[in-house]
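Work through these exercises with the sequence and the structure side by side. Try each task before you read its solution.

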Amino acid sequence: MLMVNAWAIHRDPTIWEDPGSFRPERHGNGEVGGQAYGFLPFGMGRRSCPGSGLANKVMCLVLGSLIQCFEWERKGEGRGITMLKATPLVAMCRARECMNAVFLTM
Ligand code: HEM
C-alpha cells in the first residue's frame with residue numbers, strides 16, 4: 001500500500017512560494033510551481049474523488065450561503081479527530097434574521 005503525503009506536497013517550498021501562508025488567491029493565479037501534481041485536494045488516479053467536479057461547482061455557493069445566511073461566532077477550544085489544529089477552531093452559527101422568512105415557510 002502506498003500512502004501519498006498530500007499534506008507535505010501542499011507545503012513543499014520547492015513547489016509553493018511561501019507555503020505556510022494562507023493566500024487563496026494563489027489558486028486564481030494558477031500558481032502551481034510548474035508541478036502537475038503539486039495540488040491534489042481530491043487525490044489522483046483511478047481512486048481519486050469522483051465528486052470533484054460537483055464539489056468545485058458548488059463550493060463557492062456553499063461558502064457564500066454559510067456567510068450570507070448565518071452569523072458566526074467563535075466558541076472556546078475544541079478537538080479534531082485525525083489532524084488536530086495547533087489552535088483549534090470551534091464556531092457556533094445562528095441564522096440571520098433574514099432567514100426567518102425562509103425557515104418559517106418550510
Ligand atoms: C471539497 C470537497 C471534497 C474533497 C476535498 C474531496 C476529497 C476526496 C479525497 C482526497 C478522496 C480520496 C481520493 C484517494 O483515495 O486518492 C475522495 C474520495 C471520494 N470522494 Fe470526495 N471530496 C470532496 C467532495 C466529494 C463529493 C461532493 C462527493 C460525492 C458527491 C465525493 C465522493 C467521493 C467518493 C465516492 C470517494 C471514494 C472514491 C474511491 O475510493 O474510489 N467527494 N474525496
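**Exercise 1. Classify Met3 as buried or exposed, then find how far it lies from Pro19.**

Solution. The model is a predicted one. Start with the neighbour count. Met3 has 5 other C-beta atoms within 10 Å. A residue is exposed if that count is 12 or fewer. Met3 is therefore exposed. Next, place Met3 in the chain: it sits in the segment before H1. Last, take the distance. Met3 and Pro19 are 16 residues apart along the chain, and their C-alpha atoms are separated by 21 Å.

**Exercise 2. Describe the build of the protein chain: how many helices and strands are there, and in what pattern?**

Solution. Count the elements. The protein chain has 4 helices and 2 strands. Now read along the sequence. The pattern is α-α-α-β-β-α. Then check burial: 1% of the 106 residues count as buried. Finish with the contacts. Take those with a separation of 6 or more; residues 24 or more positions apart account for 23% of them.

**Exercise 3. Compare two residues of one loop, Trp16 and Asp18. Which class of burial does each belong to?**

Solution. First, the location. Trp16 is in the loop between H1 and H2. Asp18 is in the loop between helix H1 (6-9) and H2. Second, the counts. Trp16 has 20 C-beta neighbours inside 10 Å. The cut-off for a buried residue is 20 or more, so Trp16 counts as buried. Asp18 has 8 such neighbours, so Asp18 counts as exposed. Third, look at the backbone of Asp18. Its phi is near 50°, a positive value in a residue other than glycine. Most residues other than glycine have a negative phi. Fourth, a distance for Trp16. Ala91 is 75 residues away in sequence, and the two C-alpha atoms are 30 Å apart.

**Exercise 4. Work out how strands E1 and E2 pair, and whether they are covered or open.**

Solution. Find the strands. E1 spans residues 70-74, and E2 spans residues 91-95. They pair in the antiparallel sense over 5 bridges. Follow two partners across. Glu71 has Arg94 as its bridge partner in E2. Glu73 has Met92 as its partner there. Now test the cover. E1 has 0 buried residues among its 5, and is hardly covered. E2 also has 5 residues, and the number buried is 0, so E2 lies largely in the open.

**Exercise 5. Locate Cys49, classify its burial, and name the residues around the ligand.**

Solution. Begin with the record. An unreviewed UniProt entry lists Cys49 under "binding site". Place Cys49 next: it is in the loop between helix H2 (25-28) and helix H3 (52-69). Count its neighbours. There are 13 other C-beta atoms within 10 Å, so Cys49 is partly exposed. Leave out residues up to four places away in sequence, and Cys49 touches Phe42 and Gly43.

Then turn to the ligand. The residues around it are Pro41, Phe42, Gly43, Arg47, Ser48, Cys49, Pro50, Gly51, Leu54 and Ala55. Cys49, Phe42 and Gly43 are among them. Sort this shell by class: 6 residues are nonpolar, 3 polar and 1 charged. Finally, sort by domain. The shell draws at least three residues from each of domain 1 (1-50) and domain 2 (51-106).

Key
Residues numbered from 1 in each chain as written. Predicted model: local features only at pLDDT ≥ 70, side-chain atom pairs only at ≥ 80, totals over all residues. Pairing = 2+ DSSP bridges. UniProt positions renumbered as here; feature names shortened; annotations may be inferred. Contact = placed C-beta atoms within 7 Å. Near = placed C-beta within 6 Å. Nonpolar A, V, L, I, M, F, W, Y, C, P; charged D, E, K, R; others polar. Domains from an automatic or database assignment.
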